[in-house]
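Hello,

I am passing on the structure we talked about, and below it you will find some notes to help you get started. Have a look around it first, then read on.

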Amino acid sequence: MQVVIRALEVLKILSKTPKGLTLGEISEKLELPVASAHRTAAVLEKERFITRSSTNRRYFLGPAARELTQLDYSRESPLVSAHRAVAEASRLSGETVFLSEFAGDKVVCLALSESKFPLRLYVRVGQTMPLHAAAAARTLLAWQPPDRVQKLLANAELTSFTPETPNTVNAVTDHLARIRLQGYDICESELDVNVWAVSAPIRSSTGEVVASITLAAPAQRMTEEHVRDHALKVIRAAAEEMAADLGWVAGDL
């Protein structure tokens, strides 16, 4: 019985800690010897109730815990601090890269690293992204429950920012289906004329898409296919790195 109680205590403290805990922190919080904490964590990890980040070695709730609890990211963002991968993606691409999350029913820019070029896009921390027209927002919207998607779009102003903007609920939901299929979104002159952007989802340890990372640039710098392919590769790698830091293990879905 003590073993079961100990395992449940581990799950309880991790459910309240979106940024995860190290083995030492679990041991300290539960007042357990490190060896006992390690044995408990090893069993829970084997059964996929918890996962351990391959990069920072912190423990998080795992996919098998999804039916037991839901992380409340409205209280504390798991990516509240700017992640090194944002700056690195900007360095590798030379373009503006930013992180976005839901704040209630809105998608906002959480952190960014600006382009090295004199001609750059204006994005600021705290900026709201239109749900139907911005790759950063659509990438988050694509993995929301269908009923929430319908509600959000019904209450949104589907403004036609450019001739390319999807401006009906059906057009947006069709686009969201393509995002889920390919695993990322590309926005070309849909929010601003002559602006190209690519966005990828960031998953938490339980598989939820909790943030998006986006590269945005003037379209004239992104005309060649190999440049676009490089941008996509950089953004997807950054998303995978941040997801790994949140305990996500690819293939759990």
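**Two helices at the start, then a sheet**

Please keep in mind that this is a predicted model. A good place to begin is with helix α1 (residues 2–15) and helix α2 (residues 23–30), which pack at an angle of about 115° with their axes 11 Å apart. That angle makes α1 roughly perpendicular to α2, because angles of 65 to 115 degrees count as such. The crossing in which α1 passes α2 is right-handed.

Which residues meet there? On the α1 side they are Arg-6, Glu-9, Val-10 and Ile-13, and on the α2 side Ile-26, Lys-29 and Leu-30. Sorted by type, the residues of this contact are four nonpolar and three charged, with no polar ones.

Next, the sheet. Six strands make up an open sheet, and following its order you go through β5-β4-β3-β8-β7-β6, with antiparallel pairing. At the edges are β5 (128–129) and β6 (185–188), each of which pairs on one side only.

Within the sheet, take a look at strand β7 (residues 195–203) and strand β8 (residues 209–218): they run antiparallel and are joined by nine bridges. If you want one pair to find on screen, try Ser-199, whose bridge partner in β8 is Thr-214.

Finally, helix α8 (residues 225–245) packs on this sheet, where it touches β3 (96–103), β6, β7 and β8. The direction of α8 makes about 25° with that of β7.

Happy exploring, and best wishes

Methods. Residues are numbered from 1 along each chain as its sequence is written. This is a predicted model: local features need pLDDT of at least 70, side-chain atom pairs count only at pLDDT 80 or more; totals for chains, interfaces and linings use all residues. Side-chain values use heavy atoms; hydrogens and water are left out. Two strands pair if DSSP finds at least two bridges between them. Helices (H or I, at least four residues) and strands (E, at least two) are DSSP runs, numbered from the N terminus. Contact means heavy atoms within 4.5 Å. Axes are lines fitted to C-alpha atoms, for helices over the stretch in contact, and angles run from 0 to 180 degrees between N-to-C directions. Angles under 35 degrees count as roughly parallel, over 145 as roughly antiparallel, 65 to 115 as roughly perpendicular and the rest as oblique. A crossing is left-handed if the near helix is turned anticlockwise from the far one by less than a right angle, and right-handed if clockwise. Ala, Val, Leu, Ile, Met, Phe, Trp, Tyr, Cys and Pro count as nonpolar, Asp, Glu, Lys and Arg as charged, and the others, Gly among them, as polar.
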